[in-house]
4 protein chains.
Amino acid sequence: MKNIKEECGIFGIYDTGMSVAKTTYYALSALQHRGQEACGIAVNLNRDIFYHKDVGLVGDVFTDDILNSLQGTMAVGHVRYSTAGGGGRENAQPLVFGYRKGQLAIAHNGNLRNAKELKHEYQVTNGSIFQTTSDTEVIAYTIAKARAESTSIQEAVCKAMNVLKGSYSLVIMSPQKLIAAKDPWGLRPLCMGQKGSSIVFASESCAFDTIGAKFIRELEPGEIVVVEKGNVTSIKEHCGKEKSSLCIFEYIYFARPDSVIYNQSVYDARVTAGKILAKDHPALADLVIGVPDSGLAAAVGFAYESKIPYTEGFIKNRYVARTFIKPTQEEREIAVRMKLNPLKINVEGKRIIMVDDSIVRGTTSKRIVTLLKEAGAKEVHVRLSSPLFLHPCYYGTDIPSKEELIANTHTVEQIREYIGADSLGFLDSEKLESIAPNAECGFCTACFDGSYVI
Amino acid sequence: MKNIKEECGIFGIYDTGMSVAKTTYYALSALQHRGQEACGIAVNLNRDIFYHKDVGLVGDVFTDDILNSLQGTMAVGHVRYSTAGGGGRENAQPLVFGYRKGQLAIAHNGNLRNAKELKHEYQVTNGSIFQTTSDTEVIAYTIAKARAESTSIQEAVCKAMNVLKGSYSLVIMSPQKLIAAKDPWGLRPLCMGQKGSSIVFASESCAFDTIGAKFIRELEPGEIVVVEKGNVTSIKEHCGKEKSSLCIFEYIYFARPDSVIYNQSVYDARVTAGKILAKDHPALADLVIGVPDSGLAAAVGFAYESKIPYTEGFIKNRYVARTFIKPTQEEREIAVRMKLNPLKINVEGKRIIMVDDSIVRGTTSKRIVTLLKEAGAKEVHVRLSSPLFLHPCYYGTDIPSKEELIANTHTVEQIREYIGADSLGFLDSEKLESIAPNAECGFCTACFDGSYVI
Amino acid sequence: MKNIKEECGIFGIYDTGMSVAKTTYYALSALQHRGQEACGIAVNLNRDIFYHKDVGLVGDVFTDDILNSLQGTMAVGHVRYSTAGGGGRENAQPLVFGYRKGQLAIAHNGNLRNAKELKHEYQVTNGSIFQTTSDTEVIAYTIAKARAESTSIQEAVCKAMNVLKGSYSLVIMSPQKLIAAKDPWGLRPLCMGQKGSSIVFASESCAFDTIGAKFIRELEPGEIVVVEKGNVTSIKEHCGKEKSSLCIFEYIYFARPDSVIYNQSVYDARVTAGKILAKDHPALADLVIGVPDSGLAAAVGFAYESKIPYTEGFIKNRYVARTFIKPTQEEREIAVRMKLNPLKINVEGKRIIMVDDSIVRGTTSKRIVTLLKEAGAKEVHVRLSSPLFLHPCYYGTDIPSKEELIANTHTVEQIREYIGADSLGFLDSEKLESIAPNAECGFCTACFDGSYVI
Amino acid sequence: MKNIKEECGIFGIYDTGMSVAKTTYYALSALQHRGQEACGIAVNLNRDIFYHKDVGLVGDVFTDDILNSLQGTMAVGHVRYSTAGGGGRENAQPLVFGYRKGQLAIAHNGNLRNAKELKHEYQVTNGSIFQTTSDTEVIAYTIAKARAESTSIQEAVCKAMNVLKGSYSLVIMSPQKLIAAKDPWGLRPLCMGQKGSSIVFASESCAFDTIGAKFIRELEPGEIVVVEKGNVTSIKEHCGKEKSSLCIFEYIYFARPDSVIYNQSVYDARVTAGKILAKDHPALADLVIGVPDSGLAAAVGFAYESKIPYTEGFIKNRYVARTFIKPTQEEREIAVRMKLNPLKINVEGKRIIMVDDSIVRGTTSKRIVTLLKEAGAKEVHVRLSSPLFLHPCYYGTDIPSKEELIANTHTVEQIREYIGADSLGFLDSEKLESIAPNAECGFCTACFDGSYVI
C-alpha cells in the first residue's frame, strides 16, 4: 500500500462481430487497477467513430443501454489515472478527433518528456489549439502532422515516433485499421492476443484472461502492429534502436499479479523478491504478513524461503473504493482504519515481518507500522520488495520530487526510526533485475538509480 | 409554435467583483429560449480559465456549489441549440483551449458558410485536429492562426474576420481581455450593457433586464469591442463593408418579446405584424387568438386593429419542457395535447382568427387547426405574421431543405386545404420590413425571398 | 402570481389494456400545476400492486424504462404539493400498503381537520405507527380499521367517511376495484371520464382532454364511485348530508383554465370576474394587462368589458421551473426578474390596469407594481379577481395565518399605498359566487368571509 | 466465495458531541460486508429524529452535505441485505416512525419466524397497515403496542420480546434513549463499546476498531441495554431463558475476519477450521490456496498444519462491486472471470488444495474448480471449512430450500464428481463447534444438523 498512483490502461479490439463494446467493457474492468479516474470506449461502425467517456469507474460509467448504443467492428478503450493533465472530464480518453484523413481514436498509456516543447512548437508553427491538458492531444497532433507526408496512417505513426520522446503505449483506431504501438524503449507494457478471429491489444494479459482471449505476445519496444481487413502486419523500423527499458515497477507494484509481461509472471517476480529479501534481510520473527494487496505475494515468497509461517496481517475493506467524504484532520486516522484494519488476533504479542512494496515519503509506512504496534505487535520488521526511491520518474509514474522522497533526506537508520520499525530491509539495487529472471527485456530502474534512458 | 429550432445565446461580463459566474447564470437563464440543449460558463481568475459545461438546462447544469467554484473577474456563458454539429456533450460551449498566447474561451452564436472549407484547409495545411463538430472550433483555429501575425488578440480576431464567412456573434475571453465581435453582416444580435463598473455583452437585451444592467447599444455589424483594464475600445475595420442584414426572423420568432434589437422592440414588431395582417387579410370572426407563445403578440395586434376581441385560445403546459418519454405513434396526439390544449369554452361555436408566426412543413399548423375544430370552432382563419418560407437558411436557423417547405410544393389554396383552415393569410413579402420601423439596420430575408447576403 | 401554493392532483384508471401507467403519466403531466414537489404511479397487475414515486416533476421522475416496468390493468397517480406534512420522499404518493384484506393504494387531495385527533386515537387505541407526516396515512388507517366491520372495501370507505372530517378527494385501488370518493362537502374537485372501455378519474377535466378521454361528470359531494369488473356503481349514502362547498379558489387560481368543474368553465369564471371588476372598479387607463398566468383571463374579461385594449405586460420565463440556486439577499430582485420581466415597450408612459388574482401578504404585489413603475408605467391600477383574504384555510390551501394576511392589518387605502398602486380594486364578497353562474354546486368562501363549513 | 448472501449490519451511538452521523458513517463502512443493498442513518437532535436512507453502498448514499445536515447527539445506522422483504427503497432502514410516545428509529438485523402471524394478527385486531415488506415494521408495531401497557420504552421493548420469535439484534433510538437488544437465543451478534464518553453498539467489533472505540463486551442473549443521560443500565429479564445459539456461520463466513464475537476471533476460528481439515482430510499436494476472501484464513490454517506451502490461487478484482451490465448467457463465464482470475503461474502443473467455506448448490464450486483446471492445475482437492448444508435457515441467512442444497440430492462422491474435484473434504459436524474454542456462547447449527432452536 502506497501513495504512488497507478497509470492508465488501454485496450483495442479488431473484430468481425458486433459486440466489441461489451468485450472492451470487460477488458477495461480487468485493467481498472491501472486507473480509476475516468474511462471511455470508442467504436468504429462503417468507418464512423462513436464514443462514450466520463469520469468514474468502468462499472459506473457504462450501462447496458450505453454499450448497446456502441455497435461496431473495432473498438479502443481506456482507463485513466491522471499522470499528466488534470482529472477533468475533458481529459478522459480515448481521444477522438477528425483530421485530414477522417477520424482517429487514440488511447494512450505513458508520459511524454517533450510534450511541452512539442505543444509550444505546434502552437507557434501551426496555430494548434489544445483543448485538454493531456499528452495524448500532443500525440494526436504529431500523427496528424506526420500524415501529410505519409501514404498511410501506419506510416504517419511511424514518422511520429521519430518525434515523440518518452513512454507511450498506444492503441489507435482509424476508419479502417487498428494500430498498436509501443515506444522504442518499451517503457510501458502492451500485448497482443486473439479471440476467435478477433485481434486484441491490452496493457496487460489479465485482460485477455477475462475476455477469454489467447495471449500471443508482448509487443517489442518500438514495434507498430497494424490490423487491417483481418491481416496483422508489423513495422519494426523503431525496434532495436533504443535500450529495452520496461519500467521494473510494473512487476513490483503496477501490474496485476496475474499478468505476464515479456514472459515474466508478475506474481512470480514478487514472490522472488520476497525470497531474495528473506535471504538478504532475514529476521527472527513469528509470522510473515504482507501489506494488501501489492505486498502479499512478496510476503508469501518471504515466508516460503524463511520457513516462518505466513498469515494475514490486515483486513482490507473492499467497499470503500468510492467515498464522497473528505475526512477532517481528526478523522484522518479513522479514514485509514476504514480501509485497513490490523488483525489483532494474528499480530498481538508477535514478532512480525511486514512485507510492503516500497517507501516513498515514509508517512504511509509509519502509519501502518503504528497500526500494528497498537494492535499489540511485539516487533515489526519492515521488508520492502524494491530498493529505496531516490529519483523522480518522468515516464508516467507518479513519484514525487527528490526532496519529498524520504531516502534522499534520511539514512536507512533514520527511516527505520521514523516509521517506527524494529528493523528495515529492502531489495538491493544490484539484485533488482533478478526478480524477473524470465523477462525477455531490459529495464528502466531510473527511480532507484537515476539512469534515465531518454 | 413551430418546428424551427432556436439558436444559441451568448453572454460575457468583465467585472472587478467576484460574482461573475452567478451573474452569468442569471443572464443565461434569461437567454434559455435561444437554446435548451447544453450550456456552460467559463471564468477567468488571475489569467487562468476555469469552466463547467454540460448538456441540459441552465437550472439543471449549475448548482450553488459549481457556481461558487467558478470564481473570477471575467466570464463568458453560452446556451446551445445545435444548428451545426451534433448535440453531444463535447459540443457544449464555451470552447476553452490553449494556444500560443495562453488560454482563450469562445462563445459563439451563428453558422459559418465556409466552415467545411476552412476545416479542410487547416487539416491539410496545418495538421489541425477537430475534436468537436461545431463551427466554433473552426473559429478558434482561425483566430489562433491569425494570432501569429498579430500583436494582440483583438488584432487576431480582426484578421480572422477576413476569413470567416457566415453569421457569428462572438464573446471571447483571453487572459486579460473580454472581446465581443459581430460578423460584418450583423446577422445575429449582440448588444452591450453596463452594470455598475462592469461591462456586459448578451445576445439579447432581456438578459440585461434580468441582471439589472443598463442597455448601452447593439454592436454594429462587423464591430469588435475590446474590454481591458476597465477600458472599452471599438475596432470598426469591418464595419460598413457589407450590407447590414439582421435575420428578420429574430423579430418574428427567435428573440424574446421583451428584447430590443437595434432600437426596435421585438414585441412591437410582432404587434405591428398583427396589425398589418388585420388590414391586409381581414376575416369575419368572433375572436382572435394567438398560438403560444410566439403568436400571442401578433394576435394582440390583430385584435387591436380589427376590433375583434382578443382571447386565449390554448393553454400551454408550462411543466413539460423535459420529458424522457418517447411517445409511440398512437401516443403522438396525446403528446401534442400534453403541451397545448385548446380552450373549448372560448372557441366552441365561434369563428376564430388564429395567429401564428409561420408555416414550415404544414404539419404542425394542421395539427393545431384540427385541435381547434375538434374543440368546436365553427371557422378557423389562419393568419401568419411572416411570409411563406421558400428557401433554406444557411446562417444558423434550422429551416429545412426546399423540398420540405410546403410553400414550394403547394399553392396557397392547397396549403389552406392541407391544414384545414377556412382561410389563410400571411404577411406580404414587401411589407416584411415594415414590421420593424424603428430598426436601425438592414435585414436578411433570404428564407422568404432567396436573396442571400453572403 | 402569488405565494399560495397549489395542492395535489390525483388520477385513476380502470382499464382492460396494459398501458395504464403511460396514460397516467400523461394525465399527471396535465395535472402538474396542482403539485410540483413529488409524484407517483401505482399499478395493479393480477391483484398485486407495484409502484414508483419520488420527489420531482413527472417528466423527471418517470422514464420509459420505469413506465414499461409498471404493467397492469388499473393505476392510480398523484402529484404532490405538501399542504400537510413535509416535502420528503417518504410523503410522496400514492400511499401503498398491506392491510387485512391485501394491498391498497391511495391517492389523496385535501386536508383533514381531525388528522391530529385521529392519529392520536389510533396510536393510543390501536398501537398504530406513522411513517409519514401526511394525512393520507390517517385515511389509510381509518379505512383499514373500518374494513374489519365491513363486507367490502367500498363499505369500509363509506364507513371511514363517517370519521374523516375535512377535505378529501380520493382515488383508491384495491386488488380488484378502483374507487373514487369525495368528501361530503365536495371541497376539492374530482371528476369521472371514459376512454374506450376504460373508466378514469381525475382532479380536473384537463387531464381527460390530454389523454383523449370523454368527460362524464363531476362526482357529487359525498359520492363514492366503485369500478369493478368493468361495472360502475355509485354509493350516495353521504350525498346531500352536508352543504355543497367547492373551494371557490379553484376557479380563481388553482385549477387550469381549460378545466371545467361542476359544469362551470374555469376560464369563463375568470373572464367573468374580470368583467365584474371592470364594472365595479373602473379606471381611466390606456391598457389592461394580466399577471401571468392566473391573471390573464380576468384581464381579458376586464378589457372586453371596459373596451380598454388588452395587451401583455410581462414576459414569463418558461424555463426556470427548476433551479438549484439559492439567491442571496442582493440577488433576490434578480431572481424575481429571472421569472417575470415587464414589457417596457407596452407599459412605458402608459396608464396600466394590472389584473392579478389576489393579495396575500402584499409583498409580491408590491414587487410587481414596482417592476411596472420602473419600466415606466405612469399609473398602475391594481385589480384583483378575488376579495381580500381575511381568514386562513383549513382545507388544503396554503393560506398563511391571520396575522400575515395584509388585509387584517391594513385598510384598503393602506394596502394600496403599501404596494405602490395608484388605485386598488377587488371583487366584492357578495359578487364572488356570481363569477361561476353555471356551477352546479355551492361554495366554500371561508378564506374571504370566515364561514367555515366543517 | 459462495452464493449465500450476507445479512444486515447495525450500529448505534449515544454521544454528547455533534458528529454522530459521521461516526456512524465510518462504522457502517466497516459493516458494509453485512449488506450492500441499502443503508441509512437516523439522528436525534433535541428529541426530534431526522434521517437519510437509500439504496446503494454507504459511500454512494452519503455525501458531506448530507452528513452535515444530520446533526444530533444520538444516531442509529443500518446496512441492508434483504433477507426478508424485497430490495426496494421503502425497505431501507432505520425504520423511523411516530407512535403514541413520539418518534422511534429502529435498526434491525435478523429474521422473525412469526412475522407473518404477527402481521396478520395486527391487521385483523388493530387495523394495522404495512408499508414495507420487512420484518422491522412488525417489530415496530409490537413495541408500539407493548408501549401502551408499559411505563417506559425499555419496558415496552422487554414486553415485545415476549412476542417476537426469531433472530433479532436491534438498536432503537427514542427521543431520550438509545437501546440495544438481542433475541433470547443470541442468534445474531451485537456488541457494546465506548469512545470517550460515548457509548456505541455494533453488529461486529470491527466497526469499533474503525472508529477508534474500545470494545466492552458482546451483549448476552436476551439482554437489553439502555443508555439514557449517559448512564448505561441492563435489563436481563430474557437472559438465560433460552439456549444460547449464535449462528456458527458468522465465524465461517458472515463476519469480518478482524471481528471478535463472544471472545472468539473470527479469523482464528477460520484458521482452526483449516487446521482441523488438514488433520482430518489431508491430501498429497504442492500448494494450498484459499478462495477469496472467506476461504483465505482457513487456507492459511491448512497450510500451517499440513506444512504444504500456502500461496495465492486467485486474483480478485476489487473494482467490480457495482456493475449495471447484465451478462448474456455467453458472457456469464466472462462475468465470473471479471471477478476472479486464477493465478496460472501458481497453479499450472500443480496439485492444489483449494480451501473454500462451503458448498450450497455446487454450481459456484464447479465453476471455480473448472477455472483452476483450465489454468493447468494437475489436481484440485477441495476442502470446505464447514460441514455440508442440509437444511434451510429461518433466522436470516439466505440459504435456499432443501431441494436446492446439493448435499440433499447427491452423495459426497457425486458432489465431488459434479464439481470436478479430485477429492473433497469438509469439516465434520461433530468438530464444528471446536473451531471456536474461545466462544463464550452456544451455537445454532441448524443448517448443518437440523436442530432448530426456535
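Here are some friendly notes on this predicted model, taken sheet by sheet and then across the chain contact.

1. The seven-stranded sheet. Chain A holds an open sheet of seven strands with antiparallel pairing, in the order E3-E2-E4-E1-E10-E9-E11. Its edges are strand E3, residues 48-55, and strand E11, each of which pairs on one side only. From one strand to the next, the twist averages 15 degrees. If you are colouring the model by element, this order is a handy place to start.

2. Inside that sheet, and what lies across it. Strand E9 (residues 191-195) and strand E10 (residues 198-202) of chain A run antiparallel and are joined by five bridges. Within this pair, A:Gly193 has A:Val200 of E10(A) as its bridge partner. Helix H1 of chain A, residues 20-30, lies across strands E1 (9-14), E2 (38-45) and E4 (74-80) of chain A. The helix runs at about 25 degrees to E4(A).

3. A glutamate on an edge strand. Where does A:Glu218 sit? It belongs to strand E11 of chain A, which covers residues 214-218. A:Glu218 counts as buried because its relative accessibility is 8%, and the cut-off for buried is under 20%. Which side chain makes a polar contact with that of A:Glu218? The partner is the side chain of A:Lys182, at 2.7 Å. A polar atom of the A:Glu218 side chain also lies 2.7 Å from the backbone nitrogen of A:Leu190.

4. The surroundings of that glutamate. Leaving aside neighbours within four places in sequence, A:Glu218 is in contact with A:Lys182, A:Pro189, A:Leu190, A:Cys191, A:Val260, A:Ile261 and A:Tyr262. Two of these names may ring a bell from the strand listing: A:Cys191 falls in strand E9 (residues 191-195), and A:Lys182 falls in strand E8 (residues 177-182).

5. A covered strand with two partners. Strand E7 of chain A, residues 166-173, is mostly covered, with eight of its eight residues buried. Eight bridges join E7(A) to strand E6 (residues 102-112) of chain A, and the two run antiparallel. In that pairing A:Asn111 is matched with A:Ser167 of E7(A). E7(A) also pairs with strand E8 of chain A in the antiparallel sense, over five bridges, and there A:Val171 has A:Ala180 as its bridge partner. E7(A) and E8(A) form a hairpin with three residues between them.

6. The parallel sheet. Four strands of chain A form an open sheet with parallel pairing, ordered E17-E20-E21-E22. Strands E17 (287-290) and E22 (423-426) stand at the edges with a single partner strand each, so one side of each has no neighbour in the sheet. On average, and ignoring direction, neighbouring strands here are turned by 20 degrees against each other. Strand E21 (residues 379-384) pairs with E22(A) in the parallel sense over four bridges, with A:Leu384 opposite A:Phe426.

7. Helices on the parallel sheet. Helix H13 of chain A, residues 363-374, packs on this sheet and touches E17, strand E20 (351-356) and E21 of chain A. Its direction makes about 150 degrees with that of E21(A). Helix H14 (residues 412-419) lies across E21 and E22 of chain A, running at about 125 degrees to E22(A).

8. How chains A and D are related. A turn of 180 degrees with a shift of 0.0 Å along the axis lays chain D on chain A, with an RMSD of 0.1 Å. The two copies are therefore related as by a two-fold rotation axis. In chain D, the C-alpha nearest this axis belongs to D:Arg318, 3.2 Å away from it.

9. The contact itself. How many residues does the contact take from chain D and from chain A? It takes 57 residues from chain D and 57 from chain A. The area buried between them is about 4900 Å², with carbon and sulfur atoms giving 59%. In chain D, D:Tyr26, D:Tyr319 and D:Ile325 lose the most area to chain A, together 14% of what that side buries. The copies meet through the same surface, because 100% of the interface residues of chain D are also interface residues in chain A.

10. A serine in chain D. D:Ser306 lies in helix H10 of chain D, residues 296-306, and is partly exposed, at 24% relative accessible area. Beyond its neighbours within four places in sequence, D:Ser306 is in contact with D:Ala278 and D:Val288.

Technical notes
Residues numbered from 1 in each chain as written. Chains lettered and ligands numbered in written order. Predicted model: local features only at pLDDT ≥ 70, side-chain atom pairs only at ≥ 80, totals over all residues. Heavy atoms only, no water. Buried < 20%, exposed > 50% of the residue type's maximum accessible area, 1.4 Å probe, protein only. Polar contact = N/O pair within 3.5 Å; in protein donor to acceptor, adjacent residues only side chain to side chain. Contact = heavy atoms within 4.5 Å. Pairing = 2+ DSSP bridges. Axes fitted to C-alpha atoms, helices over the stretch in contact; angles between N-to-C directions. Least-squares fit on C-alpha atoms with pLDDT ≥ 70 in both. Buried area = accessible area lost by both parts, 1.4 Å probe.
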